[in-house]
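Reader: I've got a model open on my screen and I'd like to learn how to read it. Could you walk me through it, feature by feature?

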Amino acid sequence: MNEVKEALRNIERNYKLFLQQQFTFIGALQHTRENAHDTIRPVASISQVQSYMDHHCNNSTDRRILNMFLNICNDLSKLCHRLETMHSGNTITNGLLERCKLLLSHSNDLSTIRAKYPHDVVNHLSCDEAKNHYGGVVSLIPIVLDCMKEWVTHTEKLTQDVLHNVSGGSAIPEKRAPQEAPARAAISQNPRSVHLKAQSSARDKDNVQVQGSKRVQKKHLNDTENHSGKLKHPWKPPGRHAF
């Protein structure tokens with residue numbers, strides 16, 4: 001994905017350079033259309049621009065700017081096919097790629113497409129130029145770039161969701177395992193050992209009760225002996241003294 005982003009940034013840099021020369025691009029189209037005696041119909045396809053450059057271009061400046069436009073379209077087309085092979089995607093990402101492929105097709109009619117805000121390429125044209133001649137061809141590259149950026153955003157989100165689901169699924173058993181360990185240990189104990197432990201506990205309890213009863217009996221016996229000893233020596237009143 002990082003390589004795709006870098007390729008997209010390189011194309012954007014080239015497009016910004018091209019965008020600074022939009023008036024030169026429009027002038028080149030005007031010159032070549034006049035040379036081709038084709039000033040009525042709009043510039044409606046990539047193949048039409050290619051034909052103007054190959055057969056009706058008379059100066060290096062016009063050739064350079066027309067070639068720059070075609071190279072950017074070619075780079076976008078290559079990146080589009082690369083995106084298609086590297087990720088299966090879903091209906092949204094696949095739909096974005098299909099639209100890019102359609103727009104970049106050399107025979108596709110571009111006359112009705114228009115780049116909207118925040119792009120202002122159409123605003124730099126006169127009303128007649130925008131409506132009847134160049135509105136579609138200047139809108140092609142910014143629309144395709146937006147589609148590809150949207151594809152990258154959706155694809156990254158899908159990847160994050162997959163990673164989140166995988167990490168979340170593996171974390172649950174790890175958290176649950178320590179809690180279930182005592183229960184599994186209790187279940188896995190031998191029934192005989194459990195029975196022996198229960199008998200031992202019962203014997204210990206009986207011994208405690210026997211020892212307690214012996215202590216009670218001994219105390220009772222001591223109290224009885226002390227009481228009987230006191231009875232063997234009854235109290236005698238002092239004898240009378242003679243006067």
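**Core, hollows and odd backbone spots**

Author: Sure, let's start inside. The largest nonpolar core has 50 residues, and the members that touch the most others are Phe25, Leu29, Phe69, Leu76, Val137 and Leu140. Residues of this core come, at least two from each, from α1, α2, α3, α4 (60-86), α5 and α7. Keep in mind that this is a predicted model.

Reader: How do I look at one core residue, say leucine 76? Which residues is it in contact with, leaving aside its neighbours within four places in sequence?

Author: The general idea is that contact means heavy atoms within 4.5 Å. By that cut-off, leucine 76 is in contact with Ile11, Leu104, Ile141, Val144, Leu145 and Met148.

Reader: Now the empty space. How many cavities of 30 Å³ or more does the count come to?

Author: A cavity is a spot where a 1.4 Å probe fits but cannot get out. Here the count comes to one cavity of 30 Å³ or more, and the largest cavity has a volume of about 30 Å³.

Reader: Which residues line the largest cavity?

Author: Tyr15, Phe18, Leu19, Gln22, Phe25, Val121 and Val138 do. By class, that lining divides into six nonpolar residues, one polar and no charged. Helices α1 (2-19) and α2 (22-35) each supply at least two of the lining residues, and α1 gives the most, with three. You've already met Phe25, as one of the core residues that touch the most other members.

Reader: And pockets? How much space lies in the largest pocket?

Author: A pocket, unlike a cavity, is an open set of points. About 150 Å³ of space lies in the largest pocket. The elements that give two or more residues to its lining are α1 and α7 (135-188). The lining is made up of Glu12, Tyr15, Lys16, Leu19, His119, Asp120, Val121, Pro142, Leu145, Asp146 and Lys149. Sorted by class, these are five nonpolar, one polar and five charged residues.

Reader: Let me pick one from that list. What does the side chain of glutamate 12 make a polar contact with?

Author: With the side chain of lysine 149, at 2.5 Å; for such a contact, look for a pair of N or O atoms within 3.5 Å. Glutamate 12 sits in helix α1. Not counting residues up to four places away in sequence, glutamate 12 touches Leu145 and Lys149. Both of those partners also line the largest pocket.

Reader: Backbone next. Where is the place of proline 118, and which peptide bond is cis?

Author: Omega is the angle to check. The peptide bond from tyrosine 117 to proline 118 is cis, with omega near 10°. Proline 118 lies in the loop between α5 (91-104) and α6 (127-132).

Reader: What about phi of histidine 37?

Author: Phi of histidine 37 is near 50°, a positive value in a residue other than glycine. Histidine 37 is in the loop between α2 and α3 (46-56).

Reader: Is histidine 37 buried or exposed?

Author: The cut-off for exposed is over 50% relative accessible area. Histidine 37 has 73% relative accessibility, so it counts as exposed. Try asparagine 58 too, in the loop between α3 and α4: its relative accessibility is 65%, so asparagine 58 counts as exposed.

Reader: One last thing on asparagine 58. What separation do its C-alpha atom and that of asparagine 35 have?

Author: They are separated by 8.7 Å, while the two residues are 23 residues apart along the chain.

Definitions and conventions. Residues are numbered from 1 along each chain as its sequence is written. This is a predicted model: local features need pLDDT of at least 70, side-chain atom pairs count only at pLDDT 80 or more; totals for chains, interfaces and linings use all residues. Side-chain values use heavy atoms; hydrogens and water are left out. On a 1 Å grid over the protein atoms alone, a cavity is a set of points where a 1.4 Å probe fits but cannot get out, and a pocket is an open set with protein on both sides within 12 Å along at least five of seven lines; lining residues have an atom within 4 Å of a point. Grid points are joined across faces, edges and corners, and a volume is the space filled by probe spheres set on the points. Helices (H or I, at least four residues) and strands (E, at least two) are DSSP runs, numbered from the N terminus. Ala, Val, Leu, Ile, Met, Phe, Trp, Tyr, Cys and Pro count as nonpolar, Asp, Glu, Lys and Arg as charged, and the others, Gly among them, as polar. A polar contact is a pair of N or O atoms within 3.5 Å; within protein, one must be able to donate a hydrogen and the other to accept it, and residues adjacent in sequence count only if both atoms are side-chain atoms. Buried means under 20% relative accessible area, exposed over 50%, partly exposed in between (1.4 Å probe, protein chains only). A nonpolar core is a set of buried Ala, Val, Leu, Ile, Met, Phe, Trp, Tyr and Cys residues joined through side-chain atoms within 4.5 Å.
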